Amino acid sequence: MQDSQRGSFNRYSETRDQSIGNMHNVSMYDRGKASLTGVKEVISFDSKEIILETTRGTLTFCGEELHVKRLTLEKGEVDLEGKICELKYSDSHSVKDAGSFFGKLFK
């Protein structure tokens, strides 16, 4: 596929995602940058872990020197930077419960 064709497909995909409203995409560049769509909420973040609630479940980024570069929750978009070592999806309900005091107590 030629670059001009690939670019056209990407533009179409982005337009389609926005019209549906619940689509979720992750693009990662060299394990140092990530762009996401379909983000509902930033649950927590620090330099080693960023936890996001997306339209497809909870997504956890683990790594080093992580930070949120851009956050636009109105559009559901987030850009991250840092050394990304791990991506992990889980059911959004279970992560919130497990993070609570009682969730840890009864685990």
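**Contacts and salt bridges in the chain**

Student: What share of the contacts in the protein chain with a separation of 6 or more comes from residues 24 or more positions apart?

Tutor: A contact means heavy atoms within 4.5 Å. Counting those with a separation of 6 or more, residues 24 or more positions apart account for 43%.

Student: What is this structure based on, and how is it numbered?

Tutor: This is a predicted model, in which local features need pLDDT of at least 70 and side-chain atom pairs pLDDT 80 or more, while totals for chains, interfaces and linings use all residues. Side-chain values use heavy atoms, without hydrogens and water, and residues are numbered from 1 along each chain as its sequence is written.

Student: Which strands does the salt bridge between Glu53 and Lys40 tie together?

Tutor: A salt bridge has a side-chain nitrogen of Lys or Arg within 4 Å of a carboxyl oxygen of Asp or Glu, and the Glu53–Lys40 pair meets at 3.9 Å, N to O. The two residues are 13 apart in sequence, so the pair ties together separate parts: Lys40 in strand S3 (residues 39-45) and Glu53 in strand S4 (residues 49-54). Strands are DSSP runs of E, at least two residues, numbered from the N terminus. The answer is S3 and S4.

Student: Is Glu53 buried or exposed?

Tutor: Buried means under 20% relative accessible area, exposed over 50%, and partly exposed in between (1.4 Å probe, protein chains only). Lys40, at 49%, is partly exposed. Glu53 has 11% relative accessibility and counts as buried.

Student: Which residues join Arg70 in one salt-bridge network?

Tutor: Arg70 meets Glu77 at 3.0 Å and Asp79 at 2.9 Å. Salt bridges with shared partners join Arg70 into one network with Glu77 and Asp79.

Note on methods: Helices (H or I, at least four residues) and strands (E, at least two) are DSSP runs, numbered from the N terminus.
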